[in-house]
Amino acid sequence: MLNEFRLGARLLKRDWTAGELKVLLFALIIAVTSMTSIGLFIKRIDNVMLDQSGEFLGANLVLQSPKKISSETIDYAHNLNLNTSHSLNFSSVIVANNNFQLSHIKAVDKHYPLLSHIKTSNDLYGNETQRNSGPIAGEVWLVPRLFSLLDIKLGDTIELGERLLTVSAVLKHDPGQAFSFMSIAPKLLMNINDVESTGIVQPGSRLTYMVGITGKKSNRTTFEKWLSPKLNASQKIMGGTEGSEAVNSAMEKGKQYLSLASMLSVMLSGIAIAIAANRYGERHYNQAALMRCMGAQQKNIIRIFSSQLLILGVIACGIGCLLGYASQQIIATLLKDFFNSTLPAASLSPLFNGFISGLITLFCFSLPSLLRLKSIPPLKVLRDDLAPLSLSLWFIYGLAILCIVGIMWWQSGELQLTIMVLLGSIACGAALFIISTLLVAISKLILPGLSGPWKIGLQQIIRHKKQNQLQMLALGLSLMILMLIFLIRNDLMMRWQNQLPEQAPNHFVINIQNDEVEPIKTFLQKNNIKTEGVYPMVRGRIIKINGVDILDRTTNNKKLDQSLKRELNLSWNNSIQANNQIISGTWWNKDTQGKPYISIESGLAKRLNIDIGDSITFNVADQEVSASILNIRSVQWDSFQPNFFIIFPDGIINDFPATYISSFYLSSENKQLLNNIIIKFPTITVLEIDDIMNQVKSIMQQVSSTIGYVMLFVLFAGIVVLAAAMQSSMEVRIQSAVIMRTLGARKSFLQRSHLTEFALLGYLSGLLAVIGTEIISYFLYTKIFSLNFELHFMLWLYGPLFTSILIVLISLFYTRDITKLSPTKVLRYT
Amino acid sequence: MQTTSDAVIVVKNLIKQVPAVNKLDNQQIDILTGVNLEIKHGESLAIIGASGSGKSTLLGLLAGLDDATNGDILIDQQNISVMTEDERASLRSEKVGFIFQSFQLLPSLTALENVMLPMELQSKKTAATDAQQLLQRVGLKDRQHHYPKQLSGGEQQRVAIARAFITQPTILFADEPTGNLDKTTGQNVIDLLFNMNRESNTTLVIVTHDEVLAKHCDRCLVLQNGTLSDCEQVNA
């Protein structure tokens, strides 16, 4: 065994000196570099997003409770070396200059915020200053709106309960913003030590205690596990990925885009390695046959060549990992300004993943070549036409495909996405096979009518039918991946970002009473404020599913879904909202209109494990309302429109007490209008969600620019793969060109016939790639990213044309010497 | 058939059929129809015949590179017809050397490395020194670090001869060793081959259509219609 390893190593060294290994080594390095760099970068972005969402909470974890959190809990956190900060939230009236304003009071200790900063300024529209802690005792910070509501300026005193406090700054940003949804009033930040002296907090006061927690992730997990079973219904613990449906949704989508990009790069790498390994095998048939002739047994052959692959793999994967690390470091540096902060270092696990994935891919895709080398008949040394056994190659390649799918899944963690990419590729492969067979048949038909270079070019395609089919498959799949990446960057991402236009709603208005709906509409219209609509909202709790009490349904150790613990916002509507899409069932029509049906949001339906036809009973204002599910909707939570888990047809729950909700966009200069709204409609509540929106926008931008870099990388890898795919067949072509030149073919004749062949090959591969791209993107658009799918006409027009030019250019590079050299030299050269 | 004790190769009623190119009619083509042959130790034998007569097929079978349809081949009294391919491989590594028409040198290896290869496969430590000695013997010591591409056809075949002798085989099979060489070069290669053969007392089996080469051999057989007969009988 050791001898074979040594011999393998020696032969490898000699192959290396002779320049035989460049293609395989290069393909592997590219593969591992792209896998690790993208993997590392995604990890980094992931960390950024988590950090930012942590920033959103002001901590990694937030424990929320209406009662004081026990010292046992805090002690346990401290024992785990976790940091804690305390805040107390309540509503109270602030008095100043005889103005009264109900406000959200947030009292914080000196440790708050554990993550990120509070931002303040010295005048309403002045420059922001970052602060690491809240106001000192005796001082308060107020959001800009309070200044005009109370008619005060910086340095004035406000009255809070029995206490006078000095306004020392304008509060511009509070990292615990996630909770702005629960606050129904403008915010005041104060020192927790001042709370007692205000005298506001009395037994029976409605308070929300919050403890922010940061520290090592493993310790946080331990803490969460310890605490979760101890929480009662009114307490909850929120992690980085919770907080807001909109941010969650954006983060999920962002990760999916990145995973998709990484998956495509893995696939491209697989193709590169498959081509290179196949070529490596073919180049070593004679060597293997000769060794068999000299008495090497099959096991010796396998061991010798596996040793070579192992050594080659370890070296290439090592280099790939280093390059991958370096390149993502460079990207991170380039993107530093963009992220407005230093990217957190990535964990090193993607390096390990890239290394192992590279080796696995190498061996999976080299397996067919290895087995062929092993089974090579020694008689090949006497008869060159003998080819090694090609038994059950489908099975072996099937195995290789399974392996690459496994790696794609492992690297991305997205099963559905992996399956879709796989199905698309298989469909593309099948289409490719059928079309290429058809084309060869057509070529045969039209061949007799042709002459000159066209004839020779076409003849080449027919003669090397099998090889051409394989080559077209490799080219088609690689081009498909390039087109997909291009489409993701330039179409999918754009459409995702366009869903959140510049003037997406940044304010929600809730608690609108029935008789205020029209006046508010008129008010908004008068002030040129656009709104998408005013929707009714009725509070209701799910109590039964298919007649069975939900408590009975969930006894089997299953946790009660959050949605069952609280009241949901139910709404009614005759037509479906623009950002909602029916994914199964139908919207109400004449027959179903006004009947007890509901439309349910897909995520909720999935969590509750219910489907069309199931009936749900709600408790609405102490009455039971039952309705069966007529359709399931996907909801675009990051659209910042009012959205509902449950929608009834008009006429079922209209009689219950309802309030209305709306959303609109207001630029920062027009914020003053908020005061007018509140003065005119004192009972409504306006929620400002600019921070959440900025958060979502920043996630979109980060993902978009990351994919831009990934695209460049994949493009580079793609061209290398294309070149490798071309090179593998180039020798045969060069040889026939030489023979033709020897027989007197002119250079221009050969050039034209080459051009014909490669232009056609490029165009057809491009066309097949477009077909594959459309198939995959159909699934991506409709099933994963919930976007409308339309055929990409520009892609059909320019895709094949562009690839045709690309392939011709690559072929010109490879055949550049052939027409220059004299036939004798070329004959020797080959 | 009676076999003499000093026979290295004994062939009994060897039959080789291959499927017809047009596989639809399930027909078989007879290449060898019943070859009987005995080759003595140290003997040199030429097998001649027209192109496509089955010479190379016979050589492949004798060397255990291919399976016969029927019949037995004994090498050093071991019946290779009943052996598995791996068993035959291990027999080849001990007893058999090859020289090919197209030299079959590995392009990525230098002359020296090509000669070393058979010994390296057997993990012998003296590979490099033995190979250098042999390259000196074939007059290519100065070119040992050259790649096949940098060598002329005659030089390449001399490297191949050195490689064939390095394992000190009992039998040497040569398939048209001068087929790709001009007359003078071919003659030089023949002289070298026979000199080295004599020195090491190897049994030499040459397949060729070069009659000059055939005359150098102790015995000459011609393959015609799937069977062997004496060259002289055919010529007469």
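Let's start with one pair of residues: Val509(A) has Ser662(A) as its bridge partner in strand β21(A). Keep in mind as you look around that this is a predicted model.

**Around strand β21 of chain A**

Val509(A) and Ser662(A) belong to a bigger pattern. Strand β12 of chain A, residues 507-512, runs antiparallel to β21(A), and 4 bridges join the two. Strand β21(A) also pairs with strand β13 of chain A (residues 531-545), again in the antiparallel sense, this time over 5 bridges. One of the spots to look at there is Tyr535(A), which stands opposite Ile661(A) in β21(A). What holds strands together like this? Strands of a sheet pair through backbone hydrogen bonds, and they can do so in a parallel or an antiparallel way.

Is β21(A) mostly covered or mostly open? Mostly covered: 5 of the 6 residues in this strand, which spans 659-664, are buried.

**Chain A as a whole**

Now zoom out. Chain A has 830 residues, and 44% of them count as buried. Its secondary structure comes to 24 helices and 22 strands. Take the contacts in chain A between residues at least 6 apart in sequence: 85% of these join residues at least 24 apart.

How confident is the predictor about chain A? The average pLDDT of chain A is 79, and 85% of the residues score at least 70. Among the elements of chain A, strand β6 (residues 139-142) has the highest mean pLDDT, at 94, while helix α24 (residues 823-829) has the lowest, at 51. Residues 178-184 of chain A have a pLDDT below 50, and in the model this stretch has 9 contacts beyond near neighbours in sequence.

**Some backbone oddities in chain A**

A few loops are worth a click. The peptide bond that leads from Tyr112(A) to Pro113(A) is cis, with omega near -5 degrees. You'll find Pro113(A) in the loop between β3 (99-108) and β4 (118-121) of chain A.

Then there are two asparagines with a positive phi. Asn97(A) has a phi of about 50 degrees although it is not a glycine, and for Asn609(A), also a residue other than glycine, phi is near 55 degrees. Where do they sit? Asn97(A) is in the loop between β2 (83-96) and β3 of chain A. Asn609(A) is in the loop between α19 (602-608) and β18 (615-620) of chain A.

Are these asparagines buried or exposed? A residue counts as exposed if 12 or fewer other C-beta atoms lie within 10 Å of its own. Asn97(A) has 9 such atoms within 10 Å, so it is exposed. Asn609(A) has 11 within 10 Å, so it is exposed too.

**Two sheets in chain B**

Over to chain B, where two open sheets are worth tracing. Here is how their strands are arranged:

| Strands in the sheet | Strand order (chain B) | Pairing |
|---|---|---|
| 6 strands | β6-β7-β8-β3-β9-β10 | mixed |
| 4 strands | β2-β1-β4-β5 | antiparallel |

In the sheet of 6 strands, the edges are β6 (96-99) and β10 (227-230) of chain B, each of which pairs on one side only. Neighbouring strands of this sheet are turned by 20 degrees against each other on average, direction ignored. Within it, strand β3 (residues 44-48) and strand β8 (residues 203-208) of chain B pair in the parallel sense over 5 bridges. There, Ile47(B) stands opposite Val207(B) in β8(B).

In the sheet of 4 strands, β2 (28-40) and β5 (78-79) of chain B stand at the edges; each has a single partner strand, so one side of each is left without a neighbour in the sheet. Strands β1 (residues 7-19) and β4 (residues 70-75) of chain B run antiparallel and are joined by 5 bridges. The bridge partner of Val11(B) in β4(B) is Ile73(B). Helix α1(B) packs on the sheet and touches β1, β2 and β4 of chain B, and its direction makes about 125 degrees with that of β1(B).

**Where the chains meet**

Finally, the contact between the chains: 25 residues of chain B are in contact with 22 residues of chain A. Which elements of chain B give two or more residues to the side that touches chain A? They are α1 (55-62), α2 (85-95) and α3 (111-121) of chain B. By class, this side of chain B has 12 nonpolar, 7 polar and 6 charged residues.

Technical notes
Residues numbered from 1 in each chain as written. Chains lettered and ligands numbered in written order. Predicted model: local features only at pLDDT ≥ 70, side-chain atom pairs only at ≥ 80, totals over all residues. Buried ≥ 20, exposed ≤ 12 C-beta atoms within 10 Å, placed from the backbone. Contact = placed C-beta atoms within 7 Å. Pairing = 2+ DSSP bridges. Axes fitted to C-alpha atoms, helices over the stretch in contact; angles between N-to-C directions. Nonpolar A, V, L, I, M, F, W, Y, C, P; charged D, E, K, R; others polar. pLDDT = per-residue confidence, 0-100.
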